[in-house]
Amino acid sequence: MRMKERHGDDGYSCGPTVYDHAHLGHACSYVRFDIIRRVLTQVFGCGIVMVMGITDVDDKILRRAREMDMSPAALARLYEEDFKQDMVALKVLPPTVSLRVTEMVPQIISFIEGIIARGHAYATAKVDSDKRHAGDFALWKAAKPGEVSWASPWGPGRPGWHIECSTIASAVFGSHLDVHSGGIDLAFPHHENEIAQCEVFHQCGQWGNYFLHSGHLHVKGQEEKMSKSLRNYVTIKDFLCSFSPDVFRLFCLRSSYRSAVDYSDSTMLDASHVLRGLASFLEDARAYMRGQLAGGPVSEAELWDRLSSTKGTVRTALADDFNTPRALDAVLDLVRLGNRQLRAATEGPGGPRSPAVLGAIVAYVEQFFETVGISLASRQCLPGDGSTATLCSVVDELVRFRLKVRQFALDTQAATGDARRQQLQERRPLLEACDTLRQDLAAHGISIKKWRSLHLGPAGPTDSTEAKGLRLAGH
């Protein structure tokens, strides 16, 4: 990518038209471009200055305001704030600058005047019948009775759709733009018309270097994209009642930002399963490094080689039009190899451990996912999240109770011979109940693992494999 030589690289994003709740189709586009922004910044060192335009006046807003008996301004502010909250919940980085159309009307009028002065626009009394060419489009729309409007040289009215983004981007970046992003449905006519407006206004041969378009989100089994007009959408808020933002972000990573992608509960459950597997590997690797997971050495040379090749593959993939599926597959292959090595180490004879290479792999895997905005914290109990924190505490108590029951069932040291066998037989139902509880918790994503720890007794340190590690991987 070739950028302008200046302090920051320019990025403009078509923002929302704020008349209703945002849905997963919107989320897919914004999360995909957030991933690209993070990659440009953290992997390739680009200092992105991101500007977003907010459409807070248009036909849909006016129509919805009448339906809800609200002023268009109040409705727009309501759903603008709603959109921002959704973006925070999805962990989308905020734009560097966010500008509303209604705040830019004087600049928009000046921009239109500039296009007219250069001979590329004209005024007409009737929008449709007085067109000079079928492809001509409105820069300024005359107000209907009772509609919100602004004074202009062409009478009271409001900006047309395409002119707003051209003006906002030009007001911040001038006559040249590095990267412009938006959904594929905006490529024509919106972005085509933006280019036409800016190139005649600035009298330049090329206004924008790169236009990035995200593919549509489809409901699985349907040909149409997810949209409000088709009433086949899932709001962001409803989605986050069932799944975490990390699950959706991983779902977005698994396909090219350009491609259409199918949404279904099964694809989200699969993404959730992948995240649980990653968290489990990191937990096991850390336990191995601390000596809490019994086992001997791993194949260090093979793991070091794979780690090195994975780093190269990931960087090459991300440099190839942000090929996140290929990058993700390389990291997951590294984790699978690490899991196989850990399994072999724990099943084989004991011996010197190999903590350095596992530590390097853990650090790289965490760094990769942090780069794309995914947290692989083994336990997702956050301070201030009362319900989740309470659940964690309850599960902790349940696991501690299970451990005590199991230890009691196995503690027959005081008895000998037939008496000991009798005790074990009588306590077998307790052990079976502990195993059943472990299986039931696993079905809910709660893994109780056999770890190794050292207990200091009267005769000194002794080995035990009865200590348990808990991982609560909630949605």
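Here are two short exercises on this predicted model, each with a worked solution.

**Exercise 1: cysteines**

Work out how many disulfides the structure holds, and why Cys-14 and Cys-204 are not in one.

*Solution*

Step 1. Start with the cut-off: two cysteine sulfurs count as a disulfide if they sit within 2.5 Å.

Step 2. Take Cys-14. Its closest cysteine sulfur belongs to Cys-165, and the gap is 4.0 Å, so that's too far for a bond.

Step 3. Now try Cys-204. Here the closest cysteine sulfur is the one in Cys-198, at 7.5 Å, which is also too far for a bond.

Step 4. Search the whole structure and you end up with 0 disulfides.

Step 5. While you're at Cys-14, check its surroundings: with a relative accessible area of 8%, Cys-14 is buried, because the cut-off for buried is under 20%.

**Exercise 2: a hole inside**

Find what lines the second largest cavity, and which element gives the most to that lining.

*Solution*

Step 1. Count the holes: there are 3 cavities of 30 Å³ or more. The second largest has a volume of about 100 Å³.

Step 2. List some neighbours. The lining includes Asp-10, Phe-33, Arg-37, Met-50 and Leu-212.

Step 3. Sort by element. Strands S1 (9–17), S2 (48–55) and S6 (177–183), along with helix H1 (24–42), each bring at least two residues to this lining. H1 gives the most, with 4 residues.

Step 4. Sort by class. You get 7 nonpolar residues, 2 polar ones and 2 charged ones around the second largest cavity.

Conventions. Residues numbered from 1 in each chain as written. Predicted model: local features only at pLDDT ≥ 70, side-chain atom pairs only at ≥ 80, totals over all residues. Heavy atoms only, no water. Buried < 20%, exposed > 50% of the residue type's maximum accessible area, 1.4 Å probe, protein only. 1 Å grid on protein atoms, 1.4 Å probe; cavity = no way out; pocket = protein on both sides within 12 Å on 5 of 7 lines; lining within 4 Å. Points joined across faces, edges and corners; volume = space filled by probe spheres on them. Nonpolar A, V, L, I, M, F, W, Y, C, P; charged D, E, K, R; others polar.
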